[in-house]
Amino acid sequence: EGDQALQRAVDCAGRSDFAAARAAVAQARAAYQRAGATAMLTGVDEMEVAIAEAEAEAEEEAKLVWRGSSVVDVGGKGREGSVLVGAEPMSAASGSSSPSYEDDDSRPPTPPLPLDADEVVEYAVYLGIDVASEGGLLWIAEEGMRAGLPEGYTEHLDDDGTPYYVHDQTGTSIWEHPLDQHYRALVARHRAETAQARGALAGGAR
């Protein structure tokens, strides 16, 4: 049983399903312990290390892929459109120091805000994306990082500097960005669509 579980771990790691690989290693460890085969636990430990290294390498590759397909890596965190305590919202009503290009075809295009790849990956994990095996969903995290606040919300900081969000009309406050649930749902939808497409391909190949 332990040998079979270790083989499953190898197979799962080979297809970048690291969560399943870790579960298989845990099953192997338990099986060897039940059988009293303590000598095999060294191999289990080595497999755990190998899986962790492979997962870390896959995450780094995902970051490189993201960097290569998107904007350059720079410092700075936050989402566009956030309003901090004591700061005036940037709107036509409040005014801006930026030059006005109203009704002017010479207005230059606005470049996208550069994002930090590590922060995009961190946010992807926060949304439930397995960056090692679901690199194709990183665009959702990037879009979420660029998203501003929905109309009617403002961002504030508590005494510890932790951001929270207030709905101006109701006065209710939340700790999560108001759009986090939207992007989690988007991840779930695209994951389901991918699984459905793979199932259809597998069924057609029979």
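**Figure 1. A salt bridge within helix H5 joins Glu-142 and Arg-146.** In this predicted model, the closest nitrogen and oxygen of the two side chains are 3.7 Å apart. Both residues belong to helix H5, where they sit four residues apart, about one turn of the helix. An α-helix has 3.6 residues a turn, so residues three or four places apart point the same way. Is Glu-142 buried or exposed? Its relative accessibility is 16%, so Glu-142 counts as buried, the cut-off being under 20%.

**Figure 2. Helix H6 carries a salt bridge between Glu-193 and Arg-189.** The N to O distance between these side chains is 3.7 Å. Because Glu-193 and Arg-189 are four residues apart in helix H6, about one helical turn separates them. Glu-193 is partly exposed, at 41% relative accessibility. Arg-189 is partly exposed too, with a relative accessible area of 47%.

**Figure 3. Arg-29 and Glu-48 form a salt bridge between helices H2 and H3.** The closest N and O atoms of the pair are 3.0 Å apart. Arg-29 lies in helix H2 (residues 18-35) and Glu-48 in helix H3 (residues 41-69), so the salt bridge ties together parts that are 19 residues apart in sequence. Glu-48 has a relative accessible area of 37% and is partly exposed. Asp-45 joins Arg-29 and Glu-48 in a network of salt bridges. The structure as a whole holds six salt bridges.

**Figure 4. Helix H4 is capped by Asp-116 at its N-terminal end.** A side-chain oxygen of Asp-116 lies 2.9 Å from the backbone nitrogen of Asp-118. Which residues of H4 are buried? They are Ala-117, Glu-119, Val-120, Val-121, Tyr-123 and Ala-124. After H4 comes Gly-128, which has a positive phi, near 100°.

**Figure 5. The largest nonpolar core contains 17 residues.** Leu-127, Ile-140 and Tyr-183 have the most contacts inside this core. Helix H4 (117-126), helix H5 (138-146) and helix H6 (180-204) each contribute at least two of its residues. Leaving aside residues up to four places away in sequence, Ile-140 touches Leu-127, Tyr-183, Leu-186, Val-187 and His-190. Another core, of 16 residues, lies apart from the largest one; Ala-5, Leu-6, Ala-21 and Ala-58 are among its members. In soluble globular proteins, nonpolar side chains tend to be buried together.

**Figure 6. Three strands make an open antiparallel sheet.** The strand order is S1-S2-S3. Strand S1 (153-157) and strand S3 (173-174) are the edge strands, each pairing on one side only. Strand S2 (residues 163-167) runs antiparallel to S3, and two bridges join them. Which residue of S3 is the bridge partner of Tyr-165? The partner is Ile-174. Strands of a sheet pair through backbone hydrogen bonds, either parallel or antiparallel.

**Figure 7. The whole chain has six helices and three strands.** Along the sequence, these elements follow the pattern α-α-α-α-α-β-β-β-α. The chain has 206 residues, of which 29% count as buried. Among contacts with a separation of 6 or more, 60% are between residues 24 or more positions apart. The chain exposes about 13,000 Å², and carbon and sulfur atoms supply 53% of that area.

How values were computed
Residues numbered from 1 in each chain as written. Predicted model: local features only at pLDDT ≥ 70, side-chain atom pairs only at ≥ 80, totals over all residues. Heavy atoms only, no water. Pairing = 2+ DSSP bridges. Core = buried A, V, L, I, M, F, W, Y, C linked by side-chain atoms within 4.5 Å. Buried < 20%, exposed > 50% of the residue type's maximum accessible area, 1.4 Å probe, protein only. Contact = heavy atoms within 4.5 Å. Polar contact = N/O pair within 3.5 Å; in protein donor to acceptor, adjacent residues only side chain to side chain. Salt bridge = Lys/Arg side-chain N within 4 Å of Asp/Glu carboxyl O. Areas by Shrake-Rupley, 256 points an atom, 1.4 Å probe, with all protein chains shown as cover.
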